[in-house]
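I set down here, entry by entry, what I looked up in this structure. The entries follow the order in which I made the checks.

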Amino acid sequence: SPDTEGPPHTPTVVGLGVQVPAGPCAYVELGAVGAQVVELLGPVLEKTRLAAHDGKAVLHALRALGIGRERIESDVELLSYLLNPSRKEHALADLARERLHTELPELDGTTPRPQVFGARADAVARLEPEIWAEAEGVGLAELARSLELPLVPVLARMEARGVLVDLAVLKEISVQVDQQCETLLQEVYRHAGRELNVGSPVQLAQVLFDELKLPVLKRNKTGPSTDHEVLEKLAEQHPLPLAIIEYRNVAKLKSTYLDTLPSLVGADGRVRTTFHQATAATGR
């Protein structure tokens with residue numbers, strides 16, 4: 001169980017919570033003697049069987065320490081996901097509470113870090129055989145071994161590498177989309193017969209239903225709905241709803257990606273994300 005600070009893809013490793021087979025849990029504090037500890041532990045961690053919760057985070061931590069490790073033999077988070085893919089999350093504290101009837105200490109400033117991460121390592125060691133046995137019993141263990149676990153280091157490498165972003169090209173696209181947004185906004189004004197705040201449901205409702213007399217198809221707590229589904233149906237009766245839809249689509253592209261991506265690009269010109277392997281029952 002790694003004790004880290006900073007970005008998840010390039011963390012600073014404070015210490016490691018470890019549990020060796022048939023032995024007590026321990027906390028290896030790095031600190032000022034980190035290099036010597038890594039020199040001793042490195043060869044062991046490169047070769048030994050490794051079980052974890054969120055194995056990808058463990059690989060990131062080991063990479064940050066300069067330890068070459070490209071595999072995880074067991075990940076209780078992924079096994080829990082396979083057993084119950086519709087569950088929202090598979091946090092270690094929840095699994096420990098439900099399966100071990102144990103409350104893990106939190107890193108809240110009062111509990112010593114060695115106790116927190118030692119307990120986490122101990123929980124992983126105790127959870128692992130039970131969850132593996134359950135996966136074997138329902139025929140999911142082979143899927144874990146052949147697909148899910150080999151994918152962990154692949155995603156770790158993808159996260160660490162990131163995606164190169166050409167900021168100059170992105171700027172050019174942003175200028176073009178700005179112009180497109182303005183053109184589409186003028187279309188909205190033309191069909192509405194006046195200027196309005198397209199981002200205001202109240203103003204949209206006033207124009208659509210009070211001034212243009214279009215039918216109210218759905219209501220919410222604040223009044224007539226102007227959501228996408230409503231606008232699509234109203235577009236069959238008047239050009240304004242379609243103009244609003246087209247403007248919203250382009251404006252969302254601009255605000256979600258073109259305006260946001262530049263602020264997320266690192267000093268090396270790359271943007272990095274986190275791939276959540278233990279979510280989404282309908283596919284990832």
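Which residue's side chain does Glu229 meet in a salt bridge? I found the partner to be Lys233, with N to O at 3.7 Å. I note at the outset that the model is predicted.

**Entry: the salt-bridge network**

I placed the pair next. Glu229 and Lys233 both belong to helix α9, residues 228-234, and sit 4 residues apart, about one turn of the helix. I then checked exposure: Glu229 is partly exposed at 43% relative accessibility, and Lys233 is partly exposed with a relative accessible area of 43%.

I looked up a further pair, Lys218 and Asp227, and found a salt bridge whose closest N and O atoms are 2.5 Å apart. Lys218 has a relative accessible area of 33% and is partly exposed. Asp227 is also partly exposed, at 27%. I recorded that Lys218, Asp227, Glu229 and Lys233 are linked in a network of salt bridges.

**Entry: salt bridges in the whole structure, and one in α4**

How many salt bridges does a search of the whole structure find? I noted 23. One that I examined joins the side chains of Asp94 and Arg97, with N to O at 2.9 Å. These two residues are 3 apart in helix α4 (residues 92-100), so about one helical turn separates Asp94 and Arg97. For Arg97 I read a relative accessible area of 37%, which makes the residue partly exposed.

**Entry: helix packing around α5**

I turned to the helix pairs. Two packed helices are described by the angle between their axes and the distance between the axes.

For α4 and helix α5 (residues 113-137), I found axes that come within 10 Å and cross at roughly 65 degrees. The crossing in which α4 passes α5 is left-handed. On the α4 side, the contact is made by Leu92, Leu95, Ala96, Arg99 and Leu100. On the α5 side I listed Arg120, Ala123, Val124, Arg126, Leu127, Glu130, Ile131 and Glu134.

At what angle do the axes of helix α3 (residues 76-83) and α5 cross? I recorded roughly 35 degrees, with the axes coming within 10 Å. The crossing of α3 and α5 is left-handed. From α3, the contributors to the contact are Val76, Leu79, Ser80 and Leu83. From α5, they are Val124, Leu127, Glu128, Ile131, Trp132, Glu134 and Ala135. I marked Val124, Leu127, Ile131 and Glu134 of α5 as taking part in the contact with α4 and in the contact with α3.

**Entry: backbone angles**

Most residues other than glycine have a negative phi, and most peptide bonds are trans. I therefore noted the exceptions to the trend in phi that I came across.

His101 is not a glycine, yet its phi is positive, at about 55 degrees. I located His101 in the loop between α4 and α5. Is His101 buried or exposed? I found His101 exposed, with a relative accessible area of 70%.

Lys213, also not a glycine, has a positive phi of about 60 degrees. I located Lys213 in the loop between α8 (201-211) and β7 (219-220). At 64% relative accessibility, Lys213 is exposed.

**Entry: a nonpolar surface patch**

Which residues make the nonpolar surface patch of about 280 Å²? I listed Leu151, Val154, Met158 and Phe275. I followed Met158 further and found this residue in helix α6, residues 141-161. Met158 is partly exposed, with a relative accessible area of 42%; that value exceeds the cut-off of over 30% relative accessible area applied to patch residues.

**Entry: loop residues and distances**

I looked up Thr10, whose place is in the loop between β1 (2-5) and β2 (12-19). Thr10 is exposed, at a relative accessible area of 51%; the residue counts so because the limit for exposed is over 50%. Between the C-alpha atoms of Thr10 and Ala57 I noted 10.0 Å, with these positions 47 residues apart in sequence numbering.

Ala22 lies in the loop between β2 and β3 (25-29). With 94% relative accessibility, Ala22 is exposed. How far from the C-alpha atom of Ala22 is that of Arg248? I recorded a separation of 60 Å, for two residues 226 apart along the chain.

Methods. Residues are numbered from 1 along each chain as its sequence is written. This is a predicted model: local features need pLDDT of at least 70, side-chain atom pairs count only at pLDDT 80 or more; totals for chains, interfaces and linings use all residues. Side-chain values use heavy atoms; hydrogens and water are left out. Patches are made of residues with over 30% relative accessible area and no salt bridge: like charges are joined within 9 Å, nonpolar side chains (Val, Leu, Ile, Met, Phe, Trp, Tyr) within 5 Å. Accessible areas come from the Shrake-Rupley method with a 1.4 Å probe; for residues, only the protein chains shown count as cover. A salt bridge is a side-chain nitrogen of Lys or Arg within 4 Å of a carboxyl oxygen of Asp or Glu. Buried means under 20% relative accessible area, exposed over 50%, partly exposed in between (1.4 Å probe, protein chains only). Axes are lines fitted to C-alpha atoms, for helices over the stretch in contact, and angles run from 0 to 180 degrees between N-to-C directions. A crossing is left-handed if the near helix is turned anticlockwise from the far one by less than a right angle, and right-handed if clockwise. Contact means heavy atoms within 4.5 Å.
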